[in-house]
Amino acid sequence: MEMPEQPRSRRQTRAAILTHLLQSGGSFRPPLAKSVRLSEASLSRILFDLKAEGLIEEVRQPAPYVGGPTGLVSLDGSVALAGLELTGQWLSVGVGGLTGELHYTERVPLPAKPTVESVGRVFREALTLLRDWTRRRRVRLAQIGVSVPGLGRLSEFGNPIIPCDISRVRGLLGEMFADVTVEFTNSVVAHATFHRCRTENYPFSGAHLFVFVGQGVAGAWMDDPIEDDALQPVELGHMVFGADGPRCRCGHHGCVEAYTSLPALAELLGVLEPELLQRGSDWGGAIPISSRVRQELRHRLYRLGLAIGNTLNVKPCHGVAISGWPSLLAENDRKALVDGVDASLLGGRKHAQVSLAFVPPSNGNDPRAALAFAAFCLACRGGMPAASTEAA
């Protein structure tokens with residue numbers, strides 16, 4: 001016997017509509033009503049409110065079949081968002097729209113050896129640039145999203161990757177953008193959000209694990225976007241495979257990140273990390289790989305697969321999306337990663353029926369991930385003011 005669905009609040013109903021439009025790019029009314037489990041009459045009433053608030057628009061566009069609807073509902077491109085994305089080299093700041101377009105971006109470089117004080121100054125400079133740009137153009141921001149690598153789920157202190165005082169940054173945002181809702185997140189959550197909302201034909205719509213392999217190795221549990229805990233970062237890059245392995249930036253030796261991060265890949269290939277980043281998706285064909293190096297590369301990918309499989313043992317799910325440099329490899333090389341997942345106890349495609357998919361890397365496109373996160377936050381609160389969602 002199926003349990004009846006729990007009633008949704010006004011915020012959750014609006015969030016279901018907005019997040020569906022965010023992930024789909026637009027929808028005609030009948031399939032939209034079906035996707036968000038509303039009658040067309042109820043949907044019409046909510047769409048009327050969302051249009052009046054300037055969050056959506058409806059344009060005449062014939063459906064791709066005879067006799068179909070002619071009104072395509074989509075997010076309003078005039079809604080402005082801001083994103084700040086902290087990376088190992090700089091802090092990116094930008095302004096964009098709900099539909100993904102980028103209007104403005106700047107990058108403020110980090111010092112060679114960042115400290116809490118110097119990173120705080122970088123944030124102040126970036127926020128000043130953002131404030132001045134929005135004032136000159138009279139742009140009113142609807143949401144700000146901030147992406148920080150290593151940001152913990154339970155604490156905002158003691159960042160092991162880039163020294164950063166989040167409370168100080170919150171204070172700066174409160175000074176300069178007091179009337180704008182601000183949300184912080186771990187970088188992996190921002191990249192997961194970017195792919196789920198911006199990647200065409202993203203492979204999963206339900207609950208799944210997103211794994212990002214870049215400067216570090218991390219994951220995010222992805223679930224129903226209208227729930228408060230829809231996006232949860234998960235640390236899998238610091239599983240230790242051997243105390244005699246390479247030193248990791250976390251202080252341990254032999255972590256999976258020390259074997260498979262971008263810096264570790266650059267060292268294995270005998271190139272500098274900036275050169276590897278500059279080559280983008282072409283590095284696989286441009287950098288010669290000896291048979292010995294290729295064998296070691298596959299061995300490291302196998303370990304990464306084991307780490308993913310072990311993560312699935314803790315919280316099983318039937319889908320894993322993998323983004324980062326492994327997605328650029330040929331299938332013969334990627335097979336080592338898949339074999340590692342399959343070899344995990346109780347895991348793999350056979351025992352746990354896990355489906356794996358590789359999606360393009362998104363590192364280097366900052367601050368688009370932070371902007372996608374900002375759009376997701378606005379959609380998840382139903383486009384309502386933060387104070388209203390608490391009472392909904």
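Here are four short exercises on this predicted model, each with a worked solution.

Residues are numbered from 1 along each chain as its sequence is written. Since this is a prediction, local features need pLDDT of at least 70 and side-chain atom pairs count only at pLDDT 80 or more, while totals for chains, interfaces and linings use all residues; side-chain values use heavy atoms, with hydrogens and water left out.

**Exercise 1: an open sheet**

Work out in which order the 5 strands of the open sheet stand, and which strands are at the edges.

Solution:
- Start with the vocabulary: helices (H or I, at least four residues) and strands (E, at least two) are DSSP runs, numbered from the N terminus. Two strands pair if DSSP finds at least two bridges between them.
- Now read off the order, which is β11-β10-β9-β12-β13, with mixed pairing.
- Look at the ends: β11 (231-234) and β13 (355-359) each have a single partner strand, so one side of each has no neighbour in the sheet.
- Then check the twist: on average, neighbouring strands here are turned by 20 degrees against each other, direction ignored. (Axes are lines fitted to C-alpha atoms, for helices over the stretch in contact, and angles run from 0 to 180 degrees between N-to-C directions.)
- Zoom in on one pair: β9 (residues 208-213) and β10 (residues 217-222) run antiparallel, joined over 6 bridges. In this pair, L209 sits opposite W221 of β10.
- Finally, add the helix: α12 (residues 331-343) packs on the sheet and touches β12 (319-324) and β13, its direction making about 145 degrees with that of β13.

**Exercise 2: a serine in a strand**

Is S147 buried or exposed, and which residues is S147 in contact with?

Solution:
- Find the place of S147 first: it is in strand β7.
- β7 (residues 141-148) pairs with β8 in the parallel sense over 5 bridges, and V146 stands opposite F184 in β8.
- Know the cut-offs: buried means under 20% relative accessible area, exposed over 50%, and partly exposed in between (1.4 Å probe, protein chains only).
- S147 has 1% relative accessibility, so it counts as buried.
- Its partner strand fits in here too: 4 of the 5 residues of β8 (residues 182-186) are buried, so β8 is largely enclosed by the rest of the structure.
- Leaving aside neighbours within four places in sequence, the contacts of S147 (heavy atoms within 4.5 Å) include L84, E85, T185 and A370.

**Exercise 3: a salt bridge and its network**

Find which residue R29 forms a salt bridge with, and which residues are linked with R29 in a network.

Solution:
- A salt bridge is a side-chain nitrogen of Lys or Arg within 4 Å of a carboxyl oxygen of Asp or Glu. The whole structure has 11 of them.
- R29 pairs with E58, with the closest N and O atoms 2.9 Å apart.
- R29 is in helix α2 (residues 29-35) and E58 in strand β2 (residues 56-60), 29 residues apart.
- R29 is partly exposed at 22% relative accessibility, and E58 is partly exposed at 28%.
- R29, K51 and E58 are linked in a network of salt bridges.

**Exercise 4: another charged pair**

How many residues apart are D366 and R107?

Solution:
- Check the pair: the side chains of D366 and R107 meet in a salt bridge of 3.1 Å, N to O.
- Place both: D366 is in the loop between β13 and α14 (368-380), R107 in strand β6 (residues 102-109), and they are 259 residues apart.
- Add exposure: D366 is buried at 8% relative accessible area, whereas R107 is partly exposed at 39%.
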